[in-house]
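Student: Please pick one part of this model and take a close look at it. Then show how the rest of the structure is put together around that part. Keep it brisk, and give me the cut-offs.

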Amino acid sequence: MNQHSQRPADQLFTERTPRVVAASKLLRAAGRRKAGRFLAEGSNAVTSALAAGLVDELFVTEEGALRYPHLLTGPVAHVTDRAMRGLSDTVTPPGIVAVCRALPLAQVPVGARLVAVPVDASEPGNAGTVIRVADAVGADAVVLAGEAVDPMNGKVVRSSAGSVFHLPVVQESDPMGAIAGLRESGLTVLATAADGEVSLDDADELLTGPTAWLFGNEAHGLSRELQAFADHRVSIPIRGRAESLNLATAASICLYASSRVQNRG
């Protein structure tokens, strides 16, 4: 039996234990800002956080200790199921949560060839999925531009499946400034638009060079002003009856297209 798997009830932290109370405050943005810490929940996120060297403490239930014995390194606090529910924003907590130091301030790497730029991405699940897709296709960075969700929001971290720890996630409140900086770095800026002049089917030549993709938010898409500021507006052909694509889906299609062209041959 693993030494971490079974603990007497009086050795388990409860929802009232000060360390658990302090960690639970990290579920809120104000708590994260004040503490300079955030929570990574589930095996994928915890594995990546440990690999990045950002974990200060692990909280684990008895079931979690049995399921993830390979992750129980460093300071480990064993908690009750009720305490774990207080550390989670999911309906069914996975049984392991890491308290992590804040993600380091990031910049787009010099020489970047593929960058995803969601603008005003307010839905955490979509933002996390874009980060995950960018990581999967080998993009160099994600720039969360405008009034975007906190990348250390629990749902963003969870939706990214640990990818927030794998590539630079840049926060830039000024979308125009972000676009100008990317262009100055030698990237061609492409904006997704339903009525774009260039079809993604015909965009391979544009995609061969360093590229930054702009994606609009879930409710309103990209503003006309930002579309006009891009180098080209690109449409994704829709051949079925769907009216549109959401942010994460559009990003997946465009980033994969760029990766395919850039890595061809």
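Tutor: The close look takes helix α11, and the sheets and some single residues follow.

Ground rules come before the geometry. This is a predicted model: local features need pLDDT of at least 70, and side-chain atom pairs count only at pLDDT 80 or more, while totals for chains, interfaces and linings use all residues. Residues are numbered from 1 along each chain as its sequence is written, and side-chain values use heavy atoms, with hydrogens and water left out.

Now the helix. α11 covers residues 247-262, which is 16 residues. Helices (DSSP runs of H or I, at least four residues) and strands (runs of E, at least two) are numbered from the N terminus. From first C-alpha to last, α11 reaches 22 Å. That is close to the 22 Å expected at 1.5 Å a residue. The expected span is 1.5 Å times one less than the number of residues.

Which residues of α11 are buried? They are L247, A248, A250, A251, C254, L255, A257, S258, S259, V261 and Q262. Buried means under 20% relative accessible area, exposed means over 50%, and partly exposed lies in between (1.4 Å probe, protein chains only).

What covers these buried residues of α11? The cover includes three strands, β5 (114-118), β8 (188-192) and β10 (211-215). It also includes two helices, α6 (124-137) and α9 (204-207). Contact here means heavy atoms within 4.5 Å.

The strands in that cover lead to a sheet. β5, β8 and β10 belong to an open sheet of 7 strands. The order is β7-β6-β5-β10-β8-β11-β9, and the pairing is parallel. The edge strands are β7 (169-172) and β9 (198-199), each paired on one side only. Two strands pair if DSSP finds at least two bridges between them. β5 and β6 (residues 141-145) pair in the parallel sense over 2 bridges. There, A116 has V142 of β6 as its bridge partner. Strands of a sheet pair through backbone hydrogen bonds, either parallel or antiparallel.

Q227 touches residues around that sheet. It is found in helix α10 (residues 224-229). Its relative accessible area is 8%, so Q227 is buried. Apart from residues up to four places away in sequence, Q227 touches A191, A193, D195, L222 and R233.

Next come antiparallel pairings. β4 (residues 96-101) is mostly covered, with 5 of its 6 residues buried. 5 bridges join β1 (residues 37-41) to β4, and the two run antiparallel. 5 bridges also join β2 (residues 55-60) to β4, again antiparallel. A98 of β4 is the bridge partner of A40. A98 is also the bridge partner of L58.

F38 lies in β1. It counts as buried because its relative accessibility is 0%. The C-alpha atoms of F38 and A98 are 8.3 Å apart, although 60 residues separate them along the chain. Beyond four places in sequence, the contacts of F38 include A98, V99, C100 and R101. L26, R32, M152, V157 and F165 are also among them.

R32 sits in helix α2 (residues 29-35). At 7% relative accessible area, R32 is buried. With residues up to four places away in sequence left out, R32 touches K25, L26, L27, R37, F38, D150, M152 and N153.

A77 lies in strand β3 (residues 76-78) and is buried at 2% relative accessibility. Its C-alpha is 9.1 Å from that of V20, 57 residues away along the chain. Outside four places in sequence, A77 is in contact with F13, R19, E57, L58, F59 and V60.

Finally, the whole. The protein has 11 helices and 11 strands. Its C-alpha trace spans about 65 × 40 × 40 Å along the principal axes. Buried residues make up 49% of the 265. Of contacts between residues at least 6 apart in sequence, 78% join residues at least 24 apart. About 12,900 Å² is exposed, with 50% of it supplied by carbon and sulfur atoms. Areas come from the Shrake-Rupley method with a 1.4 Å probe; for residues, only the protein chains shown count as cover. The mean positions of the 24 positive and 28 negative charges lie 7 Å apart. Lys and Arg count as positive and Asp and Glu as negative, with His and the chain ends not counted. Each charge is placed at NZ of Lys, CZ of Arg, CG of Asp or CD of Glu.
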